[in-house]
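Please open the model in the viewer and keep the sequence panel at hand. The tour below proceeds by selection, one stop after another.

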Amino acid sequence: MLRKGSTMTERLDRIEAMLLAMTERQNETTATLAQTNATLAQTNATLVQTNTTLDRLAERQVRQADEIDTLLGAVSTNEVSIRELVAQISESNQRFEVLRQEAIADRQHSDQRFEVLRQEAIADRQHSDQRSEELRQEAIADRQKSDQRFEAMQENIQRLLLEMHRTNRRVDTLEQAG
């Protein structure tokens, strides 16, 4: 009987250890999500830098367009130079468009990856919560069974003590009569 009580305690200890392990896993998942958020923040900082570069390129493009207008008005005879400037503007526009498309693609990729990681974290959290609840319910059921066994043992001990007391009285009565 005492051995079963020890086994039940060991089982409760194992369940408690499992709950602690699940809590640690949940903390690791939270840490992974924090790392993902940090990576996303870094990506956003890179996008801000890219946008700043794009803004500078756009300002440069506007300035170059203004310079072209000034050059056309002031130096109409220098057609070769003007063609070179137009080519530079076109190249800048192409680079601007390439950089803009890359920034858009990077942002979309980051958003998709973040969503995947977020969904994984949510699924892990739900699974962890569900498993914690299952283990908690098992622990409650085990505790109730243990309590019932303990009460049954207490009743048996009480009956045995009562019977022993009665037997002792009979022995005492027989000894006094004998």
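Leaving aside neighbours within four places in sequence, with which residues is Ser128 in contact? Select Ser128 together with Met22 and Gln26: these are its contacts beyond that window, where contact means heavy atoms within 4.5 Å.

Before proceeding, note the conventions. This is a predicted model, in which local features need pLDDT of at least 70 and side-chain atom pairs count only at pLDDT 80 or more, whereas totals for chains, interfaces and linings use all residues. Residues are numbered from 1 along each chain as its sequence is written, and side-chain values use heavy atoms, with hydrogens and water left out.

**Whole chain**

Zoom out to the full protein chain, which has two helices and zero strands; helices (H or I, at least four residues) and strands (E, at least two) are DSSP runs, numbered from the N terminus. Along the principal axes, the C-alpha atoms fill a box of roughly 150 × 15 × 15 Å. The radius of gyration is 41 Å, while a compact globule of 178 residues would have one near 16 Å; the radius is taken over C-alpha atoms, and the globule rule is 2.2 Å times the number of residues to the power 0.38. Of the contacts with a separation of 6 or more, 84% join residues 24 or more positions apart.

**Along helix α2**

Now select helix α2, residues 79-177. Ser128 lies in this helix and is buried, because its relative accessible area is 6%. The classes are buried under 20% relative accessible area, exposed over 50% and partly exposed in between (1.4 Å probe, protein chains only). Buried residues make up 13% of the 178 residues in the chain.

Move next to Phe114, also placed in helix α2. Its relative accessibility is 22%, so Phe114 counts as partly exposed. Not counting residues up to four places away in sequence, Phe114 touches Thr36, Asn37 and Leu40. The C-alpha atoms of Phe114 and Thr36 are separated by 7.3 Å, although the two residues are 78 apart along the chain.

For a contrasting distance, select Ile122 and Val80: they are 42 residues apart in sequence and 62 Å apart in space, C-alpha to C-alpha.

**Last stop**

Finally, select Leu161 in helix α2, which counts as partly exposed because its relative accessibility is 49%. Which residues form a nonpolar patch on the surface with Leu161? Add Ile157 and Met164 to the selection to display the patch.

Definitions and conventions. Patch = residues over 30% accessible without salt bridge, like charges linked within 9 Å, V, L, I, M, F, W, Y side chains within 5 Å. Areas by Shrake-Rupley, 256 points an atom, 1.4 Å probe, with all protein chains shown as cover. Salt bridge = Lys/Arg side-chain N within 4 Å of Asp/Glu carboxyl O.
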